[in-house]
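Visitor: I would like a close look at a single part of this protein, set carefully against the whole. Could you take one residue and its surroundings and lead me through them?

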Amino acid sequence: MRAVEFYDYAAIRLVPRVERGEFINVGILLSCAARGHLDVRIELDEARALALDPSLDLALVRRLLGAIEAVCRGGADAGPIGLLPPRARFHWLTAQRSAILQTSPVHGGKCADLDATMEHLLQRMVRVAGRG
């Protein structure tokens, strides 16, 4: 039996027109400090994004999401932030900002399987029920 671990997570939000405040969830950031774990999963539903703003630059959005993935992975390729420990990168990624990509407030939980928890969060918060 696996030990129960405490984790924190935040949804990644795409806010095409910040002044309107409308958003769709496009991913999840998951951190477990005790295990030095930081993971991100992104699922961009381009049709839903374009429904909020038909002029949205999807190539830009994909590049920005790629930058989040790079920071999450860490390393020199992600710049100075990528050299920080996983927990510090999680806090940097979830810092409040007014930009096209934002995160929800950070929430916590406990689980025995971080991968299963990530899948559950994606299903509940990112994916549209009845699709795929």
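Guide: Accessible areas here come from the Shrake-Rupley method with a 1.4 Å probe, and on that basis the protein exposes about 7500 Å², of which carbon and sulfur atoms supply 53%. The model is predicted, and every value that follows is computed from it. The part chosen for the close look is Ser31, which lies in strand E2, a run that covers residues 24–32.

A brief view of the whole comes before the detail. The protein has 5 helices and 5 strands, and along the sequence these follow the pattern β-β-β-α-α-α-α-β-β-α. The C-alpha atoms fill a box of roughly 50 × 40 × 20 Å along the principal axes. For 132 residues a compact globule would have a radius of gyration near 14 Å, and the 15 Å of the protein agrees with that expectation. Contacts between residues 24 or more positions apart account for 63% of those with a separation of 6 or more. As for charge, the protein has 17 positive and 15 negative charges, and the mean positions of the two sets are 3 Å apart.

Within this frame, is Ser31 buried or exposed? Because buried means under 20% relative accessible area, Ser31, with a relative accessible area of 1%, is buried, and buried residues make up 39% of the 132 residues in the protein. The side chain of Ser31 makes a polar contact with the side chain of Arg87, at 2.9 Å. If its neighbours within four places in sequence are left aside, Ser31 is in contact with Phe6, Tyr7 and Asp8, with His37 and Leu38, and with Arg87 and Phe90. Arg87 thus appears both in the polar contact with Ser31 and in the list of residues that Ser31 contacts.

One of the partners of Ser31, His37, deserves a separate look. His37 is placed in strand E3, which covers residues 37–42. With a relative accessible area of 19%, His37 counts as buried, since the cut-off for that class is under 20%. Apart from residues up to four places away in sequence, His37 touches Leu30, Ser31, Cys32 and Leu114. The C-alpha atoms of His37 and Ser55, by comparison, are separated by 36 Å, although these residues are 18 apart along the chain.

Leu30, touched by His37, also gives a way to place a helix relative to this region. Leu60, which sits in helix H2 (residues 58–73), is 30 residues from Leu30 in sequence and 24 Å from Leu30 in space, C-alpha to C-alpha. At 30% relative accessibility, Leu60 counts as partly exposed. Ala51, found in helix H1 (residues 46–52), is exposed, with a relative accessible area of 64%, and its C-alpha atom is 9.9 Å from that of Pro16, a residue 35 positions away in sequence.

A further strand completes the tour. Gln102 belongs to strand E4, which covers residues 101–103, and, not counting residues up to four places away in sequence, Gln102 touches Ala11, Ile12, Arg13, Val15, Val18 and Arg97. A polar atom of the Gln102 side chain lies 3.0 Å from the backbone oxygen of Ala99. Gln102 and Glu119, 17 residues apart in sequence, are 21 Å apart from C-alpha to C-alpha.

To return to the part you asked about, Ser31 is a buried residue in strand E2, with a side-chain polar contact to Arg87 and with contacts that include Phe6, His37 and Phe90.

How values were computed:
Residues are numbered from 1 along each chain as its sequence is written. This is a predicted model: local features need pLDDT of at least 70, side-chain atom pairs count only at pLDDT 80 or more; totals for chains, interfaces and linings use all residues. Side-chain values use heavy atoms; hydrogens and water are left out. Helices (H or I, at least four residues) and strands (E, at least two) are DSSP runs, numbered from the N terminus. The radius of gyration is taken over C-alpha atoms; the globule rule is 2.2 Å times the number of residues to the power 0.38. Buried means under 20% relative accessible area, exposed over 50%, partly exposed in between (1.4 Å probe, protein chains only). Contact means heavy atoms within 4.5 Å. Lys and Arg count as positive and Asp and Glu as negative; His and the chain ends are not counted. The place of a charge is taken as NZ of Lys, CZ of Arg, CG of Asp or CD of Glu. A polar contact is a pair of N or O atoms within 3.5 Å; within protein, one must be able to donate a hydrogen and the other to accept it, and residues adjacent in sequence count only if both atoms are side-chain atoms.
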